[in-house]
Every structure is written in structure tokens, then in C-alpha cells.
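Reader: I'm new to this one, so could you walk me through it?
Author: Happy to. Take a look, then ask away.

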Amino acid sequence: MNFLGGRKIVLGVTGGVAAYKAAELTRLLGKTGADVHVVLSEGGARFVSAVTFQALSGNIVWSDLWDARMPNNMAHIDLTRGADMILVAPATADFMARVVHGLADDLLTTLCLAREVPLLLAPAMNRQMWENPSTRRNAGQLAADGVVLLGPEAGEQACGEVGPGRMLEPDALLEDVIAFLQPKRLAGRRVVLTAGPTFEAIDPVRGITNSSSGKMGYALARACAHAGADVVLVSGPVTLQAPRGVRRIQVQSALEMRTAVFDEIGAADVFIGVAAVADYRPAAAAEHKIKKSGGEMHLALTPNPDILADVAALDDPPFCVGFAAESRNLDDYAESKRRAKKLPLLVGNLVQDGLGGEDNQVILFDDKGSHPLGRAPKMELAIQIVAHIAAMLKSDRISG
Ligand code: C5P
């Protein structure tokens, strides 16, 4: 998705070995739609050359405070005008210290001092440098000054030591940049979601499941995290990666899913049931693999609890959102399901429109009627659904 379309990002690269990852970050930011302008410090240029960044960003690379190429000779001011952020990755310990003190002795520090845009730093350094009291103090002061620190993470370091100070990987930084730029419609809200299919064991090797890919639920979990919510995703068996910043609890069966949901639901403001929960499970799973008998086989099934209906029936339920996948009569079935489960909002779609694919076409049903959303990638729909939920929560608060 073109998340960063129309965005201008000034990417500062300072002198740490993680500068090689900044090349990949430049490519990823550009692929996601951003116009990237790289400012390379003297130290950064010792690790990766300006040519690399120019080729990957398609823009001139800046290094010198005295560079006369800017028509008004004010590169230190003009580069950040119209930008959405300065992102410095990697940010060395020395660079952090210089920003804390407001130094302006090269182009990048001068840009940081003369900016009116957010400053995001991705620290990268040896673990002892990161843990040194000076750097601790500097990190605290930067945060107090409104600078956003992305990472670092702990792990193996270029020097061979293991500990905190590794720069986040480019894909994680990209995700943090995308999230930073999204409106925080669910700030302070706690959201619990279910996603994926369930797997109901028949015996140790067989089971009943369905073809839900989990993509819609994972896209919604990601959109909720982007919107600033604290997100717990209770997921059936799928092959997808947990979205960044989302706490995932992996389960197999509907009963496990219900237990995990009820463990988490106490503090939830919103519950979104996206999972395709099996309606029935084998009455008793066989302890050992069932042998072929040659004749007909009959499997006794027993109904699963309806997790969403049970959550909606709590004394003080969170704002509950359901999904309904139907193969026909969508309007009738979806609206009657919404009423039966007592849900303020239900997202309906025709199975032939969405199951397993990248795109979907959905209709939102609430007390005000039905709201069709145009066919779009699941992530785009997820963002629209989150906006609708946030608006309903807001009007709830105003009217309540
Ligand atoms: O009734 P139906 O299964 O079509 O309802 C779909 C909605 O209810 C979805 O939001 C689904 O996640 C939820 N559901 C549930 N537990 C079940 C069955 C469905 O939470 N056992």
C-alpha cells in the first residue's frame, strides 16, 4: 500500500556500521511512496557513499553545511520545509549528545536545530555506549524534548558483543514511520480481536478447519495499532506474521480462543470478532489416530460457544464489532445477525468477494443503516473500518 504517498522524509545517516541498513531503508521508504532526501554526515559517508543513497532515493544527497547548490544557499533550512519528519537512522551516541546540546556544527545537526517538523531517531551503538549513564541521560532528555526514539533492540552487535544498541531492522523502522504518521483515532483504547480459522481436533493428526486466511483480521489489528490502540490479537492457525506492536496469542480451537479472549476482555474498550470460528467441534477428540474401518464413519459434533455473542452479553461489554461472511442475501442475514448478537456494528461481506484474497468488498451495518465501502485492499478497508469505529466511540461518549 502506498502509505507514504505524498510524504517527504529527510533521512539523516550518521557514522555507525548500521548505515548499511539505511540504504535498504531508503529503498523501502521510496517503495512505500515517500520522497526521501538523504543527509549524510561525514561519519556516515565513511560507511556508505552518497552515490548509493542518490541512486536509491532518486534525489541529490546533502552533506555539507556550505553546499551552494540550494538557490538561496540555505540547505540547512530549506531541506526540512514541507517535510513530514527528519528520521535519523542510524543515530550514533555522539549524534544524540550533539542534538541534546543544540549543537549545529554540521548540516544534519543544524537541520535538527532549525526544524519545525518531528524528529525521529533510530539509535545504533555498542551496548556499553547505550548503557553508559551519559547516553541514558541523553536519551531521557531527547524524549523529554519531544524527540521520538525508535528502538534500539537487543541482539548481536557488529563488535561481536550481545546486548541493547542494535538499530531496528529497516522493515521495522518503515512500520514505525508509517504508524507515526497515522491519525491516533484510538489513542488510549484497548482493542481485543480474533482472527483466522479455528482448528477442531478429530484425533491427534486430523481436524475440522476452514479456509479463512486471517488477512482481514491481521489488517485490522495493524490498523488499530497504527491508530494508537493497545492491541491484543487472539489468532487461530495462520501463516501470517504478527503486526508490529501487536500482542498475539496463538490458539487452535474455538474453546481455546474463547478462554484467551475472556482472559483479556476485562480491560478492553473494543472487541472485534473477525475469526471464522467453527460452529461445531467433534464431540470427543480421539486420543489416538483413528484407524480406517472400511465402512461408513459417523462423526458426532457438538456446537461451539459463540465467543462474540458471549462477549456482547457481558454486563458492561466493550464496543463489539462482528463480521459476517455470507454467500447470499447479505443485507438481510447481516442485519439480523447484528440484532441477534446485540452488536453496535457488523461488517458484512460476500464470501466470494473476500475469502483468502488481498482485496475485499464490505458493507458496514449499524443503527443508522448500511454503509457500503468500495472494493479495496484489505488494509485500506481496515483503516476505514477503524475510522468508523472511532467515530462511533466518539459519538457514544458525546451522547452518553
Ligand atoms: O454467526 P456467524 O458465525 O456468522 O457470526 C460471525 C461473527 O461471530 C464473526 O464476528 C465471528 O468472529 C463471531 N463468532 C464467534 N464465535 C463463534 C461464531 C462466530 O465469535 N462461535
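Reader: How far from a nitrogen atom of the ligand does a backbone N or O atom of Ile307 lie?
Author: Keep in mind that this is a predicted model. Ile307 is one of the residues around the ligand. The atom to look at in Ile307 is a backbone N or O atom, and its distance from a ligand nitrogen atom is 3.0 Å.

Reader: And what share of the ligand's accessible area does the protein cover?
Author: On its own, the ligand has 440 Å² of accessible area. Of that, the protein covers 85%.

Reader: Which residue has a backbone N or O atom 2.7 Å from an oxygen atom of the ligand?
Author: Let's sort the backbone contacts by ligand atom. Pro305 has a backbone N or O atom 2.8 Å from a nitrogen atom of the ligand, so to speak a contact of another kind than the one you ask about. The backbone N or O atom that lies 2.7 Å from a ligand oxygen belongs to Ala275.Reader: Moving to the sheet, what is the order of its strands?
Author: The sheet is open and has five strands, with parallel pairing. Its edge strands, each pairing on one side only, are β2 (35-40) and β5 (148-149). Read across, the order is β2-β1-β3-β4-β5.

Reader: Which residue stands opposite Leu120 of β4?
Author: Strand β3 (residues 85-91) and strand β4 (residues 119-123) run parallel, joined by four bridges. Opposite Leu120 in β4 stands Leu87.

Reader: What angle does the direction of helix α9 make with that of β3?
Author: Helix α9 covers residues 170-181 and packs on the sheet. There, α9 touches β1 (8-13), β3, β4 and β5. Its direction and that of β3 make an angle of about 155°.

Conventions:
Residues numbered from 1 in each chain as written. Predicted model: local features only at pLDDT ≥ 70, side-chain atom pairs only at ≥ 80, totals over all residues. Heavy atoms only, no water. Pairing = 2+ DSSP bridges. Helix = DSSP H or I, 4+ residues; strand = E, 2+ residues; numbered from the N terminus. Contact = heavy atoms within 4.5 Å. Axes fitted to C-alpha atoms, helices over the stretch in contact; angles between N-to-C directions. Near = heavy atom within 4 Å. Polar contact = N/O pair within 3.5 Å; in protein donor to acceptor, adjacent residues only side chain to side chain. Areas by Shrake-Rupley, 256 points an atom, 1.4 Å probe, with all protein chains shown as cover.
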